[in-house]
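Thanks for asking for a second pair of eyes on this one. Here is a short guided tour for someone meeting the fold for the first time.

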Amino acid sequence: MTLRPYACAGCGHWQRWFAPPPDCPVCRDVRNALPEDGWELLTEKTVAGRLTARRHRPAEGVTGFTTDPPFGLGSTGWLIGTPEGNVAWEAAPYYPPEALAEIGALGGIARLGASHVHGYGALWQLQERFEPPVVAVGVADLEWTKAFRVTWPVDEELELARGLTVYRTGGHFPGHCVLHDAERGILFCGDALKADLDDGGAPRALSCHKAYHARIPLSHAELRVYREVIGRLDFHAVATPFEFAAPVTTGDVLRLFDRQLSGRPGTAPVPLEDLR
């Protein structure tokens with residue numbers, strides 16, 4: 001019996017099953033909202049018929065791929081150029097043929113990884129098409145990886161390419177990781193941070209959460225780990241699975257964490273002008 005990929009129409013999470021899955025484990029998790037109209041688990045053919053590719057280049061050597069219209073959580077897959085080959089971090093909800101062809105024209109993928117399940121998207125497509133030898137995910141998050149095969153589980157730190165290093169932060173998910181691009185000064189921060197943008201695309205506020213939909217804050221112990229890990233990284237822009245925000249600096253983020261640690265933690269966005 002053939003295992004086929006199915007996507008949740010609510011959050012975009014992909015599973016491999018021998019029949020339509022009974023439900024979506026990501027939507028059942030406290031960090032996501034349940035679909036109000038019940039489960040809709042879609043075949044790849046159905047998803048492909050609904051979406052086209054969209055891309056943008058927010059920084060030199062960095063290309064973001066997503067879909068039009070947005071699907072699931074609307075995640076972005078980042079393709080990061082390095083002298084050792086392209087590194088793909090996070091994944092788009094789906095990669096139509098033109099997106100896969102463009103990635104191939106850009107040199108394919110030498111390394112592949114993601115911060116946590118909300119950024120996995122259609123990572124399975126990239127593994128099938130480009131067969132990178134390294135697929136890196138935090139070892140504590142392996143339960144969410146049924147659609148693809150992890151080849152390098154990450155403990156605390158892993159260099160994917162020269163100057164591109166993965167660090168485990170935990171917090172939002174036990175195996176949650178960030179990717180630091182030391183050369184470009186970008187922190188691919190997963191869901192460790194949420195950046196609110198104004199109508200022109202400039203960052204106006206920052207927040208951090210254990211669960212976004214349920215508005216559950218991080219604990220002080222989790223925030224201290226965030227502060228320790230992220231505080232030693234030098235950056236002036238952040239890229240979540242959903243937005244690219246610049247300028248956002250290490251100092252801005254440290255002041256956000258200190259604010260959370262000074263009393264009762266919260267989930268409300270803090271204006272950047274209050275962090276500077």
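The points below go through the sheet, the helices beside it, the nonpolar cores, and then a hairpin and a loop.

1. A word before we start: please keep in mind that this is a predicted model.

2. Let's begin with the sheet. Seven strands make up an open sheet with mixed pairing, and their order is β4-β5-β6-β7-β8-β9-β10. The edge positions belong to β4 (52-59) and β10 (152-154); each has a single partner strand, so one side of each is left without a neighbour in the sheet. On average, and ignoring direction, neighbouring strands of this sheet are turned by 20 degrees against each other.

3. For a closer view of one pairing, look at β7 and β8. Strand β8 covers residues 111-113, and three bridges join it to β7 in the parallel sense. If you would like a single pair to find on screen, try Trp 89, whose bridge partner in β8 is Gly 113.

4. Two helices are worth following next. α3 packs on the sheet, where it touches β4, β5 (62-68) and β6. The direction of α3 makes about 40 degrees with that of β4. α4, in turn, lies across β7, β8 and β9, and runs at about 165 degrees to β8.

5. Now for the interior. In soluble globular proteins, nonpolar side chains tend to be buried together. Here the largest nonpolar core has 39 residues, and Trp 14, Val 47, Tyr 95, Ile 103, Ile 109, Leu 126 and Phe 148 are those with the most contacts inside it. Several elements each supply at least two residues of this core, among them β1 (4-8), α3 (97-105) and β9 (134-138). Which helix gives the most to this core? That is α4, with four residues.

6. Ile 109 makes a handy entry point to this core. Not counting residues up to four places away in sequence, Ile 109 touches Leu 79, Asn 86, Ala 88, Ile 103, Leu 126, Phe 130 and Pro 132. Apart from the largest core lies another one, of 25 residues, including Cys 208, Leu 218, Val 238 and Ala 245.

7. The hairpin comes next. Strand β11 (residues 157-161) and β12 run antiparallel and are joined by four bridges. Two residues lie between these strands, and Gly 163 in the turn has a positive phi of about 85 degrees. Along the pair, Glu 157 stands opposite Tyr 167 in β12.

8. Is Leu 164 buried or exposed? This residue lies in strand β12 (residues 164-168), and it counts as buried because its relative accessibility is 2%, with the limit set at under 20%. Beyond its neighbours within four places in sequence, Leu 164 is in contact with Ile 80, Thr 82, Val 87, Leu 158, Glu 159, Leu 179, His 180 and Asp 181.

9. Thr 82 brings us to the last stop, the loop between β6 (77-80) and β7 (87-89). At 15% relative accessibility, Thr 82 also counts as buried. What does its side chain reach at 2.6 Å? The partner is the backbone oxygen of Gly 85. A polar atom of the Thr 82 side chain also lies 3.1 Å from the backbone nitrogen of Glu 84. Leaving aside neighbours within four places in sequence, Thr 82 is in contact with Val 87, Ala 161 and Leu 164, which links this loop back to the hairpin residue Leu 164.

How values were computed: Residues are numbered from 1 along each chain as its sequence is written. This is a predicted model: local features need pLDDT of at least 70, side-chain atom pairs count only at pLDDT 80 or more; totals for chains, interfaces and linings use all residues. Side-chain values use heavy atoms; hydrogens and water are left out. A nonpolar core is a set of buried Ala, Val, Leu, Ile, Met, Phe, Trp, Tyr and Cys residues joined through side-chain atoms within 4.5 Å. Buried means under 20% relative accessible area, exposed over 50%, partly exposed in between (1.4 Å probe, protein chains only). Contact means heavy atoms within 4.5 Å. A polar contact is a pair of N or O atoms within 3.5 Å; within protein, one must be able to donate a hydrogen and the other to accept it, and residues adjacent in sequence count only if both atoms are side-chain atoms. Two strands pair if DSSP finds at least two bridges between them. Axes are lines fitted to C-alpha atoms, for helices over the stretch in contact, and angles run from 0 to 180 degrees between N-to-C directions.
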